[in-house]
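I set out to record what I looked up in this structure, entry by entry. The notes follow the order of my reading.

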Amino acid sequence: MPRYYEYRHVVGLEETNVVGNVYYVNYLRWQGRCRELFLRDHAADVVADLRGDLKLFTLRVDCEFVAELAALDEVSVRMRLVELAQTQVEFAFDYVRLTGGEQLVARGRQRIACMRGENGRTAPTRVPATLARALAAYAPGVGAGSRG
């Protein structure tokens, strides 16, 4: 199993619906949060570059639900690198309930494109070298089930 970057989260009541399970859009929010924290922890210069003209466009996002989460469940969102191309990156996410032992509750994917330029005039750009180096440790076939 490849290494993963982990974001741990405790589900709040505000993240659940009237039935009591987690509202689906929150899984997508957690993907974004996991990705942002990865940048903060492993590619801080990319975060600074985002304040300039670098943009990370989400091209595709999905989530497949296996089991339900409820308020106060602790969940581990585990991000792995699927593909690193010249201008795009694809991530896989496993959502694992930690409350009462580990249980896979969902799987997700996200594909992003690196772009540069002013809004309305952006063009594809190479994945920043710092980000590519940071992601290399989370590629398929590297390491074994580690946390970031």
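**Entry 1: cysteines**

How many disulfides does a search of the whole structure find? I note at the outset that the model is a predicted one. The search of the whole structure returned zero disulfides. I then looked up cysteine 34, and its sulfur lies 12 Å from the closest cysteine sulfur, that of cysteine 63, which is too far for a bond. A disulfide would require two cysteine sulfur atoms within 2.5 Å. Cysteine 63 is likewise in no disulfide, its nearest cysteine sulfur being that of cysteine 34. I also recorded that cysteine 34 is buried, with a relative accessible area of 0%.

**Entry 2: helix H1**

I turned to helix H1, which covers residues 25-42 and has 18 residues. From its first C-alpha to its last, H1 reaches 26 Å, close to the 26 Å expected at 1.5 Å a residue. I listed the buried residues of H1; among them are Asn26, Tyr27, Trp30, Cys34, Arg35 and Phe38.

**Entry 3: the largest nonpolar core**

Which residues of the largest nonpolar core touch the most other members? I found that they are Tyr27, Trp30, Phe38, Tyr95 and Leu131, in a core of 35 residues. At least two residues of this core come from each of E1, H1, strand E2 (54-65), strand E3 (74-84), strand E4 (88-97), strand E5 (103-116) and helix H3 (129-136). H1 gives the most to this core, with six residues.

**Entry 4: aromatic pairs**

I searched the whole structure for aromatic pairs and obtained seven. In one of them, the rings of tyrosine 27 and phenylalanine 65 have centres 4.8 Å apart and planes at 75°, so I entered the pair as edge-to-face. This pair links distant parts of the chain, since tyrosine 27 is in helix H1 and phenylalanine 65 in strand E2, 38 residues apart. Is tyrosine 27 buried or exposed? Tyrosine 27 is buried, at a relative accessible area of 3%, whereas phenylalanine 65 is partly exposed, at 43%.

I next took phenylalanine 38 and tyrosine 138, whose ring centres are 5.4 Å apart with planes at 85°, so this pair is also edge-to-face. Phenylalanine 38 lies in helix H1 and tyrosine 138 in the segment after H3, so the pair ties together parts 100 residues apart in sequence. Phenylalanine 38 is buried, with a relative accessible area of 2%, and tyrosine 138 counts as buried at 4% relative accessibility.

I noted further that ring pairs link Tyr27, Trp30, Phe65 and Tyr95 into a cluster. Leaving aside neighbours within four places in sequence, I listed the contacts of tyrosine 27 as Val22, Cys63, Phe65, Ala67, Leu69, Tyr95 and Ala106.

**Entry 5: the loop between E1 and H1**

I looked up two residues of this loop. Threonine 16 is found in the loop between E1 and H1, and it is buried, with a relative accessible area of 18%. A polar atom of its side chain lies 2.7 Å from the backbone oxygen of leucine 13. Not counting residues up to four places away in sequence, threonine 16 touches Val11, Asn21, Val22, Tyr23, Ala70 and Ala71.

Valine 19 has its place in the loop between strand E1 (5-10) and H1. Valine 19 is exposed, with a relative accessible area of 69%. I recorded a separation of 30 Å between the C-alpha atoms of valine 19 and glutamate 36, which are 17 residues apart along the chain.

Methods:
Residues are numbered from 1 along each chain as its sequence is written. This is a predicted model: local features need pLDDT of at least 70, side-chain atom pairs count only at pLDDT 80 or more; totals for chains, interfaces and linings use all residues. Side-chain values use heavy atoms; hydrogens and water are left out. Helices (H or I, at least four residues) and strands (E, at least two) are DSSP runs, numbered from the N terminus. The expected span of a helix is 1.5 Å times one less than its number of residues. Buried means under 20% relative accessible area, exposed over 50%, partly exposed in between (1.4 Å probe, protein chains only). A nonpolar core is a set of buried Ala, Val, Leu, Ile, Met, Phe, Trp, Tyr and Cys residues joined through side-chain atoms within 4.5 Å. Contact means heavy atoms within 4.5 Å. A polar contact is a pair of N or O atoms within 3.5 Å; within protein, one must be able to donate a hydrogen and the other to accept it, and residues adjacent in sequence count only if both atoms are side-chain atoms. Rings of Phe, Tyr and Trp (its six-membered ring) pair if their centres lie within 6.5 Å; planes under 30 degrees apart count as stacked, over 60 as edge-to-face and the rest as tilted.
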